[in-house]
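Me: I'd like a close look at one part of this model, strand by strand. Here it is.

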Amino acid sequence: MNEDVYKDRKTIVFVIIGLVPLIYLIYIGVLQFSGDFKDSAEGNAFYHKIVYAPRGAIFDRNNKLLVYNQRTYDLLVTMDKVNIADKNGNPIDTLALSKLLNEDENVVKARFESVKKVSGYSPCLPQRFMTELLPEDYAKIMEQLWRFPGFSIQSRTLRKYKYDAAAHILGYIREISQAQLNEKPTYRSGDYIGDTGIEGAYEEELRGKNGEEIQLRDVRGRIKGKYQDGKYDVRPVEGSNIISTIDIDLQIFAEQLLKGKRGSVVAIEPSTGEVLCMVSSPSWNPEYLVGRNRRIYYPILVNDKSKPLINRAIQAQYPPGSTFKTLQALVCQQMGGITEQTLFPCNGPSSYPIKCTHHHGSPVSLEGAIEQSCNPYFWQAYKATIEKGCYVKKKNKRGVEKIQFDHARFHANYDRWRNIMFSLGMGFAFSDSDIPGLKDGAISSIKTYSKIYGDKGWRALTIRSNSIGQGEVLVTPIQLANAASIIANGGWYITPHVNKNDSLLSRKHFPDVDRKYFAVVQRGMWRVCQYGTGRHYQIPGYDMCGKTGTADNGRNATPHSVFIGYAPADNPKIAIAVIIENAGFGATWANPIASLCMEKYLTRECSRQDLYDRMVESVTNAEVRDFENRINSVMNDGK
Amino acid sequence: MASEFNAIKHVDKPLLVIYLVLVAFGWLNIYSASVTETQVSFYEFSSYSGKQLIWIAASLLIAIVIFSIKNNVFSQLAYVSYWPMMVLLAVTMPIAMLLGGDTKGSYSWINLGFIKIQPAEFAKYFVTLAVAKCMSEYSFQLKGVKNYLKAIFLFILPMGLIIMEKETGTALVYLSFILLMYREGMPGLVLLLAFLAIVLSVLVLRFSSVMFCSMEGVPVGLVVALLVVLVVELLFILYYYYNWWSVLYIVSAFVLTVIAFVVFRVILGFNVNLIYFLAGLNIASGLYLIVMSFLRWRIGYFWIAVFVIVATVSTFSVGYAFDNVLEPHQQNRIMVALGMVDDPHGAGYNTIQSKIAIGSGGLFGKGFMNGTQTRLKYVPEQHTDFIFCTVAEEWGFMGALVVIGLYFGLMYRILVIAERQEYKFSRCYAYGVLGIILFHFIINVGMVIGLMPVIGIPLPLVSYGGSGMLGFTMLLATLLKLDTQREERLF
């Protein structure tokens, strides 16, 4: 036998058989503990099927249903199963299927082909064959479904609107955008999300919580049942209903009145701050932005010259015009510039620096000035208020006494005036409202004026237009309505809101105006509707208070017609602000519309049918009428 | 015969236990990987797990039969059984073609109606016996071309036959006899050179599309490979002759070459290729060594020169051979294993799915029958060649640790048994078995975890497959039986 001289080589062999398993084990450890592959495995095998929670419904203040979900049914087909059945001698009976669906046989046959061209088509996954079947069709099809292998039915909910009204205030839902997806991890691509209005503000409540079913999917994408028998599935939580503060009858009524006009109506219940109606014209049928309609109508709404998507009631800034005099009267009293008894002279149209546009006696009291909307009175009151104590005698270097203007004092006065106006809800938008998209109004700051005129370059005379609600004063209709509400309440308000159950908003705000100063303004406003500019459109059987405004806006433009008011005078139930853009006098458009709306709300009916008809039929803005005609004809063509 | 079977008392118990545990654990995983919703019982014999159960029973029966055979019969019958086996391998392809054609492109299966057998799987057993017999003959020594050819012929023949059956993976297994030859005296240099060849090929292929210093037509792989050849040449010169002067000459030549290249390329602006400069340097150094071999009268210099020239030329031809000799699917698999292409739906599909399955296992796995990747059939061939990834997914890192540990134990026991054999035949046979199992382990597990190209060979004793189970059982049972000889002498 040969001598075994190579015995030592067993060591090398041992090293090999030891090293290889060690290297492999380390590599497996890296694969398993790096975590790189865990997610891809789940992505492979787990199919997270979303079980959508039904979205909450929206009701009006009288529990009338406004927005709800309609269950519709989609007929789905899985081509793989159809083909297998076909091979087993059980082909689809297209004739019977077409009869079942009330379609032509050729249409049904063509559907089989077009299904395959949908992006993301897979023969193993169910594809939409027919969509939006009605519940009665659904029952019929379910009975027969066994005859058509590969077909199944999936239910889906659509947002439905009971009334052709309140598009702005209700808002709409749409598929979530990529930008929102990045911010909101609980949403998935393709989810619906509320946009603007109540749908947007109460998205969380309305949406509820989507559930999830974890299904197992094999290598060819076929569903193989639930993961661990549904142990990890999550049940959906239904969205809660929202009862809104809107009175849908009033809303519809007001929307009708604003047909053919550009403008808005905001009505508030003074004692609660609840928004009764909020109209922005032009508007559209909320159904237009749901589901398949959206693709047709959205481009029209975005591109139209009349800009219907803007909610003018909360987003448009207008000069308040003479309606501002009511607030001016409050602030001037509060700051001691005038008292209830203060009289100022009025030279009528020859007054300087601001003309009076009405004819009345002179001198005039505060109450009379409101009634007659006397510009000179409020200019003088304004001057007396913000220049109060500014003219002081001072010794100069040579010891001679001279009257000098105290700019520091003037600035302090102006700042106080502005702050009290803010406390009355002017200027910045309400910070605690639940209405999304509120825009600020504007009252210029000292800084702004100083920048234009220089630190000492401006006095009351420079900014005299502010005294009568022109110039640098801008408000949104909802701010005006809230101002009416403050006066109606005699000194306090609750931030306007749209959710009836939102107790957080039931906090009273007290403006920095003593309550004793309100009575004179209320009386003045009552006189407006009794004897003054608003005397033609009293609500039959009710005392109303109001103030008209004719707001200039630009050199050659027709002024905006503005009105604020409330009724009944002794126990206000509704405060309102109406603005009709470029329509003319406040007394000819805004005033009657406001009067009709308040009557509708108070009595639930309309006693002045001819006035109503005249208002509905009048067109003050041709662009709006064009838009209304166009968008409604699209719908008719579609049908 | 019954008295022969009493040798079971002296059987190597650790090896026997490891064998049984691997078979049982393998069967559990086959069941998990292949069970379908329609299968009602564990034993349903039409299912993979049911069939495997029959094969395991048959294998145990064969093991008992082997234990009843006298020890000296194995070496006596080694050649006698070798030739019929070769004949069977040779006729497998024609028979397969006659009876029902190919199975997944290979003609290695004979369909007997009720079962399908793959002769290539248990041919390993008879070839191992024959090689062991050849190398243990009294007059045999691994010296001289004739003896080498004699031994190599015994496993090259079945290799060729199996390649003809288009079962390349199984054919490659026969290369594992190199381990046996190494143990029995083949120069270690051969192993080293083989290793070097693999490293160079991988280098050249892996970095064939990355350009050195972004010069056109100068792949990094080739540059590095040529430099490696040069360095190995210098190491050889130092190791065998300790000739520092030659090393100095060659290094200076290298520096001059680089300077020349820079001068031509950068200063004179000729569009010359660095590759040819380096290759020229290698060849020149080879010629220098040939001169040295005459001057010093040392044949070693000549062999080093041959190495340098052959290696240099080969590095150039690796790319050509890869493109023209291998089939496209083999090229793809190699490129995937080298990480050159990421082809999740084509050649890389198996590997990626298998990595995902393993990676998702974590420390303790998803639990028996709970591997989502396994149950949902993401990994193809999961019950056969890719069974290890079921283990890693469902039993996690601990499962992989146990299985790899068992293989280490298996191989270690075989090594221990091999080294304690009195007879050279037994030792050679044991090393043959060790080589085969080691090769299967390296290739199969390496393929499943993505370190090796996809070569379709099973994981011994664990993968589904009757012929394989039978083949490995015969290999191990014979080894255990031969091992009992050592005890016999005591009585």
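In S19(A), which residue is the bridge partner of Val266(A)? Please start there, then walk me through the sheet around it and what packs on it.

Reply: The bridge partner of Val266(A) in S19(A) is Ala577(A). Keep in mind that this is a predicted model. That pair belongs to the contact between S11(A) and S19(A), which run antiparallel and are held by six bridges.

Zooming out a bit, the sheet is an open one with five strands in the order S12-S11-S19-S18-S17 of chain A, and the pairing is antiparallel. At the edges sit S12(A), residues 274-281, and S17(A), residues 545-551, each of them pairing on one side only. Ignoring direction, neighbouring strands here are turned by 5° against each other on average.

Now for S11(A) itself. Seven of its seven residues are buried, so to speak of this strand as mostly covered is fair. Gly263(A), Val265(A), Ala267(A) and Glu269(A) point one way, while Ser264(A), Val266(A) and Ile268(A) point the other way. Why the two sets? In a regular strand, side chains alternate between the two faces of the sheet. Both sets are buried in this case, Glu269(A) included.

On its other pairing, S11(A) is joined to S12(A) by seven bridges, again antiparallel. Glu269(A) turns up here too, with Glu274(A) as its bridge partner in S12(A). The two strands form a hairpin with four residues between them, and in that hairpin Gly273(A) has a positive phi, near 75°.

Going the other way along the sheet order, S19(A) (residues 574-580) pairs with S18(A) (residues 560-567) through seven bridges, and these two are antiparallel as well. One pair to click on is Phe563(A) with its partner Val578(A) in S19(A).

Next, the helices that pack on the sheet. H19(A), residues 477-489, touches S11, S18 and S19 of chain A, and its direction makes about 145° with that of S19(A). H21(A), residues 590-603, lies across S11, S12, S17, S18 and S19 of chain A, running at about 150° to S19(A).

H11(A), residues 248-257, is part of the same neighbourhood. Seven of its 10 residues are buried, which leaves the helix mostly covered. The buried ones are Ile248(A), Leu250(A), Gln251(A), Phe253(A), Ala254(A), Glu255(A) and Leu257(A). They pack against S11(A) and S12(A), and also against S3(A) (65-77), H21(A) and H22(A) (609-617). So H21(A) comes up twice, lying across the sheet strands and taking contacts from the buried residues of H11(A).

For contrast in architecture, have a look at chain B, which has 21 helices and two strands. Of its 491 residues, 44% count as buried. Among its contacts between residues at least 6 apart in sequence, 66% join residues at least 24 apart.

A good place to see helix packing there is H20(B), residues 466-483. Its axis and that of H19(B), residues 424-448, come within 10 Å and cross at roughly 150°. That makes H19(B) roughly antiparallel to H20(B), and the crossing is left-handed. On the H19(B) side the contact is made by Ser426(B), Tyr429(B), Ala430(B), Val433(B) and Ile436(B), and on the H20(B) side by Leu475(B), Leu476(B), Leu479(B) and Leu482(B). By class, that is eight nonpolar residues, one polar and no charged.

H20(B) also meets H5(B), residues 119-136, where the axes come within 6 Å and cross at roughly 20°. These two are therefore roughly parallel, and the crossing is left-handed. From H5(B) come Glu121(B), Phe122(B), Lys124(B), Tyr125(B) and Thr128(B), and from H20(B) come Ser467(B), Gly468(B), Leu470(B), Gly471(B), Met474(B) and Leu475(B). This contact has five nonpolar, four polar and two charged residues. Leu475(B) is listed in the contact with H19(B) and in the one with H5(B).

One last stop is H17(B), residues 387-394: eight of its eight residues are buried, so the helix is largely enclosed by the rest of the structure. Among them are Glu393(B) and Glu394(B). After the helix comes Gly396(B), with a positive phi near 70°.

Note on methods
Residues numbered from 1 in each chain as written. Chains lettered and ligands numbered in written order. Predicted model: local features only at pLDDT ≥ 70, side-chain atom pairs only at ≥ 80, totals over all residues. Axes fitted to C-alpha atoms, helices over the stretch in contact; angles between N-to-C directions. Parallel < 35°, antiparallel > 145°, perpendicular 65-115°, else oblique. Left-handed = near helix turned anticlockwise from the far one by under 90°. Contact = placed C-beta atoms within 7 Å. Nonpolar A, V, L, I, M, F, W, Y, C, P; charged D, E, K, R; others polar. Pairing = 2+ DSSP bridges. Buried ≥ 20, exposed ≤ 12 C-beta atoms within 10 Å, placed from the backbone.
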